[in-house]
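Colleague: I should like to go through this structure with you by question and answer. Please give the rule behind each term as it arises.

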Amino acid sequence: MISLVRYMSTVLLLSQRYLAPLLLFLGLVVVLTSSDTGPLTATYASVAGAMLPCSIWLTMTLIGLEDQAHRSIVVVSAGSHLRVLLATVVTAAVWCLLLMLAGLVLPLMFGTHTAGLADVALGTEAQLTCALAGMAIGLVCSRLVLSRQGYALAVSLLLLLAVLLGKGVSPVNIMLTHLQNTPDSADALAPTGALLAVNVGFLAAAVAIAQAFTRRKA
């Protein structure tokens, strides 16, 4: 698994296709948090919202890095489609963690805040919640499930809007709304952690869907 993750990260680096989602994330974070003096709960809610489209983009990019022939070679070398799929998810998670670190630090550099342990923990939970949701969307909209790029883009945008705007239904919307209205990070830790756990389940379901389509096409 480690060798697969290393291989995929190397291919992503060499392709330079990580630059677009990376620059999008950094740009959104700087714009949304520059000169911010409000509570860190609302600030980290904005950063988490920026993580969502970038994690979708990264996941779809990782799966689309190689053509079918090269992916078949990787599958044969790894021993199964599932191992390659799980390695893709782990690789996307690693890159999202790198973005998350930037998302924790940049608001403190560009805004006026005093961060405590609860604030950092909340920022981590919020970004991970959106990263998992984005990875799940990226999986079900990848070429493993939707072979036509036009359809994949349209569905991913619809799901992105549904996740952001689905009041009372989407864990991401519930979390972002709660963080915007809760000035104390300590009070938001438990609800955000519960929503993070829900999105772990959504990611697992997305992996199962992608695997089912992969096996059907194999």
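Colleague: How many disulfides does a search of the whole structure find?

Modeller: A disulfide is a pair of cysteine sulfur atoms within 2.5 Å. C96 is in no disulfide, as the nearest cysteine sulfur, that of C54, is 8.6 Å away. The sulfur of C141 is too far for a bond, being 15 Å from the closest cysteine sulfur, in C96. For the whole structure, the number of disulfides found is zero.

Colleague: On what kind of model, and with what conventions, do these values rest?

Modeller: Residues are numbered from 1 along each chain as its sequence is written, and side-chain values use heavy atoms, with hydrogens and water left out. Local features need pLDDT of at least 70, side-chain atom pairs count only at pLDDT 80 or more, and totals for chains, interfaces and linings use all residues, for this is a predicted model.

Colleague: In which helix is confidence lowest?

Modeller: pLDDT is the predictor's confidence in each residue, from 0 to 100. The chain has a mean pLDDT of 90, and 99% of its residues reach 70 or more. Helices are DSSP runs (H or I, at least four residues), numbered from the N terminus. Confidence is highest in helix α6 (residues 117–140), at 95, and lowest, at a mean of 77, in helix α4 (residues 68–78).

Colleague: Is C141 buried or exposed?

Modeller: Buried means under 20% relative accessible area, exposed over 50%, and partly exposed in between (1.4 Å probe, protein chains only). C96, at a relative accessible area of 3%, is buried. For C141 the relative accessible area is 0%, so this cysteine is buried.

Colleague: How many Å apart are the ring centres of Y18 and W95?

Modeller: Rings of Phe, Tyr and Trp (its six-membered ring) pair if their centres lie within 6.5 Å; planes under 30 degrees apart count as stacked, over 60 as edge-to-face and the rest as tilted. The count by this rule is one aromatic pair. Its rings, those of Y18 and W95, are tilted because their planes stand at 40°, and their centres are apart by 5.3 Å.

Colleague: Which parts of the chain does this pair link?

Modeller: Both Y18 and W95 are buried. The two residues are 77 residues apart, and the pair links distant parts of the chain: the loop between α1 (2–15) and α2 (19–33), which holds Y18, and helix α5, which holds W95.

Colleague: What is the accessible area of the nonpolar patch on the surface?

Modeller: Patches are made of residues with over 30% relative accessible area and no salt bridge (a side-chain nitrogen of Lys or Arg within 4 Å of a carboxyl oxygen of Asp or Glu). Like charges are joined within 9 Å, and nonpolar side chains (Val, Leu, Ile, Met, Phe, Trp, Tyr) within 5 Å. One of the members is L86, found in helix α5 (residues 81–110) and partly exposed at a relative accessible area of 34%. Together M1, L82, L86, V90, V94, L98 and L101 have an accessible area, by the Shrake-Rupley method with a 1.4 Å probe, of about 540 Å².

Colleague: What separates the C-alpha atoms of T10 and S35?

Modeller: T10 has its place in helix α1, whereas S35 lies in the loop between α2 and α3 (40–63). S35 is exposed, with a relative accessible area of 61%, while T10 is partly exposed at 38%. Along the chain they are 25 residues apart, and the separation of their C-alpha atoms is 36 Å.
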